[in-house]
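The following exercises ask you to reason from a structure, one step at a time. Have the sequence and the coordinates at hand before you begin.

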Amino acid sequence: MSETGSGITMFGAEWCRDCRRTKAQLDELGVEYTYVDLEADPAAAEVAREISGRTNIPVVVYPDATHHVEPSNADVDAKLRELSII
């Protein structure tokens, strides 16, 4: 892949407790990711919905084109290990 960083994108909002938790987890693990703030960019909410088929957030998109919607910390950890990101 020619991308820099891990190629992870997270769609979320500051008011969302699960979003804050997942963002904190990625930060604590030192994983690079692109954060899309759905409050600052409301049009991105449609992109997140198209990816997930749901309106729930956060939506975490991984470099292998898979995604999680409202993942637990264990889900994120397992996926990052599977992709050898951590």
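**Exercises on a predicted model**

The face of helix α3 that is turned away from its buried side carries the exposed residues A74, R81 and E82; the model is a predicted one.

**Exercise 1.** Determine which residues of α3 are buried, and work out what covers them.

*Solution.* Begin with the helix itself, which spans residues 73-82 and in which V76, K79 and L80 are buried. These residues lie on the same side of α3, because they cover an arc of only 100° around the axis. The general background is that an α-helix has 3.6 residues a turn, so residues three or four places apart point the same way. Next, look for the cover: the elements over the buried residues of α3 include β1 (8-12), α1 (17-29) and β4 (67-69). Finally, follow the chain beyond the helix, where α3 is followed by S84, whose phi is positive, near 60°.

**Exercise 2.** Establish how β1 and β2 run relative to each other, parallel or antiparallel, and give the handedness of the crossover that links them.

*Solution.* The strands β1 and β2 (residues 33-37) run parallel and are joined by 5 bridges. Within this pairing, T9 stands opposite T34 in β2. Tracing the chain from β1 through α1 to β2 then gives a β-α-β crossover that is right-handed.

**Exercise 3.** State how many disulfides a search of the whole structure finds, and classify C16 and C19 as buried or exposed.

*Solution.* The search of the whole structure finds 0 disulfides. With a cut-off for buried of under 20% relative accessible area, C16 is buried at 7%, and C19, at 1% relative accessibility, likewise counts as buried.

Technical notes. Residues numbered from 1 in each chain as written. Predicted model: local features only at pLDDT ≥ 70, side-chain atom pairs only at ≥ 80, totals over all residues. Heavy atoms only, no water. Buried < 20%, exposed > 50% of the residue type's maximum accessible area, 1.4 Å probe, protein only. Helix = DSSP H or I, 4+ residues; strand = E, 2+ residues; numbered from the N terminus. Arc of directions from axis to C-beta. Contact = heavy atoms within 4.5 Å. Pairing = 2+ DSSP bridges. Right-handed = clockwise from strand over helix to strand, strands pointing away. Disulfide = S-S within 2.5 Å.
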